[in-house]
Each structure stands twice: as C-alpha cells, then as structure tokens.
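This report addresses selected local features and helix packing in the structure shown below.

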Amino acid sequence: MHPSEVLFQGKRQPHLLPACDHYAGSEKLMRKSMALQQELGPVFDITFDCEDGAAAGNEEAHAQLVAQLLLDEANQHGRIGARVHDLHSPHFERDVEIIVGAAAHKLAYIVLPKPENAQEVMRAIDIVNKHAAKAGRADLPLHVLIETHGALREAFEIAALPQVECLSFGIMDFVSAHHGAIPANAMRTPGQFAHPLVVRAKLEIAAACHAHGKTPSHNVTTEIKDSAVVATDAQRAAAEFGYTRMWSIHPSQIKPIVKAFTPRASEVNEAAAILHEAEKAQWGPISMHGRLHDRASYRYYWTVLQRARLAGLPLPEAGAALMNEQGAS
C-alpha cells in the first residue's frame, strides 16, 4: 500500500494548497502576477479579483478580462482562481456565468465573499455548478471568505461542505461589521493578534478547517513596504493560530509568506528519515533517537513532506521516493 493509503485508512486526508494566495484586481497587476508565477512556479496561487480589489462601474468587462487571462498561455500551472461578487450583488451570477462559462477548465477555484451562513454558500455552489456543468466541469472548488457574524457562527458547517476547500478570514470586513466596537488597530499587527474578538474569529476558522480537512487562509497584511512585518505576521499565523495559507496583496509579500509557511530543511530531513524507517517497518511503531513513533506521528511527518513539495523544496532521496509512490498510486 502507498503511504497515503496506509496512514489515512478511514480518515480524511487534509487538503493542502500553496501557502500564499496572491490577490490582483487590475490587468497590469494580474499580468505581473502571472509572470511571477511563471518565474517562481506554482508555489503560490493567484486570485483574480472582481470584488473589493477591482475598480467599480465596469463589472462585466472586468469579468470578461478575468476569463481572457485565465485562458492565456501564461496560465501555465492551473493555479489561478477568481473572487466574484457576493451572492446578494446583481453582478454575482453574471461574474460566474462569464468566468466559469468561458474558462471553467482553467480555473483553480472560485472565491465567495460575504456569505451570511452555510445556506447561502450552498446556494452559491448550486449556481456555480449550474454554469460549470454547461462548460463541462464538475466539482469546481469554492473558497469561502468568513467576514460576517453569521458565517463565523456557521464556520464548521461551511467547512463541512464537500466542494469547499478553503476558508479565508476577511479581517477588515469583520472588524467593520462591529461598527466601531473593535478599534481599527485590530486590523493590523499587533492588534490583530491580541484583540479577543479577532483572536476568537481566527481560532474558530482554523479549527473548523482542521476538523474537516480543509485549508485555513489567514487575512491580509496591509503593510506593503516592510517585508519583516509580513514575515512576522505569517510566522505568527502559522505557529500560534494553525493557519497553513495567507493572503498577499503585493508581489513583495509573496516570498516572505511562502518562506514562513514552508517547513525548515531540518524538519523535512527528519520527516523523510522517520517515514523511511516506518516504511521499512511496514508502518508499524519504530524508535528513532530515543523517541517512539507510530502512525499517529507518521501522519504529521507525511504532511511536512507534502508542504515542502508544495513550496518547491528539494526533498531528500527517501522523501522524494515516498512522494513518487504517492504519485504512482
């Protein structure tokens, strides 16, 4: 049996995505992002923005531009999604019709902003599926922005929906929804990691995702000049809040985010060595450096290897062999 089959018998395998989700809302920035993805490889996703990050007043033409760029030969890796307008907007279904209808086979996912509850997410999924089916695509993944009181209350129900693969925290809309009860400094560091209501929201979203094997995506850092702030925010999101992915809103943020969420080389080497010995023991318990390991810890180290591969790290020979076994399954 392949490692993933052995380690997750009867259990849900976690859905892993590239660690950085880079948002771009103008043609210039979208093309620049695509060029950078060609250069760096699929170590980060791009989300073409039709909502808050795009200019207002020319929505249909913008959706057509998004579809056109998705079909462009520069979309080499299939790791570009699109954020459409919210379900209550008159532009929502037209966005979906244009983008999914024209480029369903090249689209990595659709991002749904501002749902109020799980029922609204299900309605949006039905509309997306209707247009995807016409274009010959089934089960197009949805990423859901948690930025309203109702969506946070039903985060676990939303994460449980099979077509949802990621929950993102929309911190600015969430703070604004408290009408001044949460101060503006809670949208940025250090307040975003200290204010109890914001901390609660982040933890609820991360917990909901991990309970259902989905990816929690941390909110944006608005600081675009100081990469150290971005790196620190990403490190705290990963180490203290359990996030495995984070937004970027400027090309300079991409590399610090990817680096912060990428396992260290020492972790990758340790994971490869432990799993190599585990395979030789037919996935029974082993002892390494005076510590016991069994399938419970093997699942952790397997995820370390997967995250390293997503980040484009070269794997040790033993780890690469295990990954190749997975690819052959």
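## The loop between α8 and α9

Pro-190 lies in the loop that runs between α8 and α9. In this predicted model, the peptide bond that joins Thr-189 and Pro-190 is cis, with omega at about 5 degrees. Most peptide bonds are trans.

The loop between α8 (171–176) and α9 (196–211) also holds Gln-192. Is Gln-192 buried or exposed? Gln-192 has a relative accessible area of 1% and is therefore buried, the cut-off for burial being under 20%. Two side-chain polar contacts involve this residue: one of 3.0 Å between Gln-192 and Thr-189, and one of 2.6 Å between Gln-192 and Lys-202. Thr-189 thus appears both in the cis peptide bond with Pro-190 and in a polar contact with Gln-192.

Leaving aside residues up to four places away in sequence, Gln-192 touches Ile-171, Asn-185, Ala-186, Met-187, Val-198, Val-199, Lys-202, His-218, Asn-219 and Asp-233. With respect to Val-175, Gln-192 is 17 residues away in sequence, and the C-alpha atoms of the two are 9.8 Å apart in space.

## Residues with positive phi

Most residues other than glycine have a negative phi. Gln-282 has a phi near 55 degrees, which is a positive value in a residue other than glycine. Gln-282 is situated in the loop between α12 (265–280) and β9 (286–288). With a relative accessible area of 70%, Gln-282 counts as exposed, because the cut-off for that class is over 50%.

His-289 likewise has a positive phi, near 55 degrees, and is a residue other than glycine. The loop that contains His-289 connects β9 and β10 (291–293). The relative accessible area of His-289 is 76%, so this residue is exposed.

## Thr-148 between β5 and α6

Thr-148 occupies the loop between β5 (142–146) and α6 (149–153). Its relative accessibility is 11%, and Thr-148 therefore counts as buried. The side chain of Thr-148 reaches the backbone nitrogen of Ala-151 at 3.1 Å. When residues up to four places away in sequence are not counted, Thr-148 touches Lys-114, Pro-115 and Glu-116.

## Packing of α2 and α3

How are α2 and α3 oriented with respect to each other? The axes of helix α2 (residues 27–40) and helix α3 (residues 59–70) come within 11 Å of each other, and their crossing angle is roughly 15 degrees. This angle falls under 35 degrees, and the two helices are therefore roughly parallel to each other. Their crossing is right-handed. On the α2 side the contact is made by Glu-27, Met-30, Arg-31 and Met-34, and on the α3 side by His-62, Leu-65, Val-66, Gln-68 and Leu-69. Sorted by class, the contact comprises 5 nonpolar, 2 polar and 2 charged residues.

Leu-40 also belongs to helix α2. Its relative accessible area is 28%, so Leu-40 is partly exposed. Leu-40 and Pro-3 are 37 residues apart along the chain, and their C-alpha atoms are separated by 29 Å.

## Packing of α12 and α13

Helices α12 and α13 pack with their axes 9 Å apart, at an angle of about 130 degrees. These two helices are therefore oblique to each other, and the crossing of α12 and α13 is left-handed.

Which residues of α12 and α13 meet? From α12, the participants are Glu-267, Val-268, Glu-270, Ala-271, Ala-272, Ile-274, Leu-275 and Ala-278; from α13, they are Tyr-298, Tyr-300, Tyr-301, Trp-302, Val-304, Leu-305 and Ala-308. This contact divides into 13 nonpolar, no polar and 2 charged residues.

## The buried side of α11

Helix α11 (residues 251–261) has Gln-253, Ile-254, Pro-256, Ile-257, Val-258, Ala-260 and Phe-261 as its buried residues. Among the elements that cover these residues are the strands β1 (20–24), β2 (44–49) and β8 (245–248). The cover also includes the helices α2, α10 (227–241) and α13 (295–310).

Technical notes: Residues numbered from 1 in each chain as written. Predicted model: local features only at pLDDT ≥ 70, side-chain atom pairs only at ≥ 80, totals over all residues. Heavy atoms only, no water. Axes fitted to C-alpha atoms, helices over the stretch in contact; angles between N-to-C directions. Helix = DSSP H or I, 4+ residues; strand = E, 2+ residues; numbered from the N terminus. Parallel < 35°, antiparallel > 145°, perpendicular 65-115°, else oblique. Left-handed = near helix turned anticlockwise from the far one by under 90°. Contact = heavy atoms within 4.5 Å. Nonpolar A, V, L, I, M, F, W, Y, C, P; charged D, E, K, R; others polar. Buried < 20%, exposed > 50% of the residue type's maximum accessible area, 1.4 Å probe, protein only. Polar contact = N/O pair within 3.5 Å; in protein donor to acceptor, adjacent residues only side chain to side chain.
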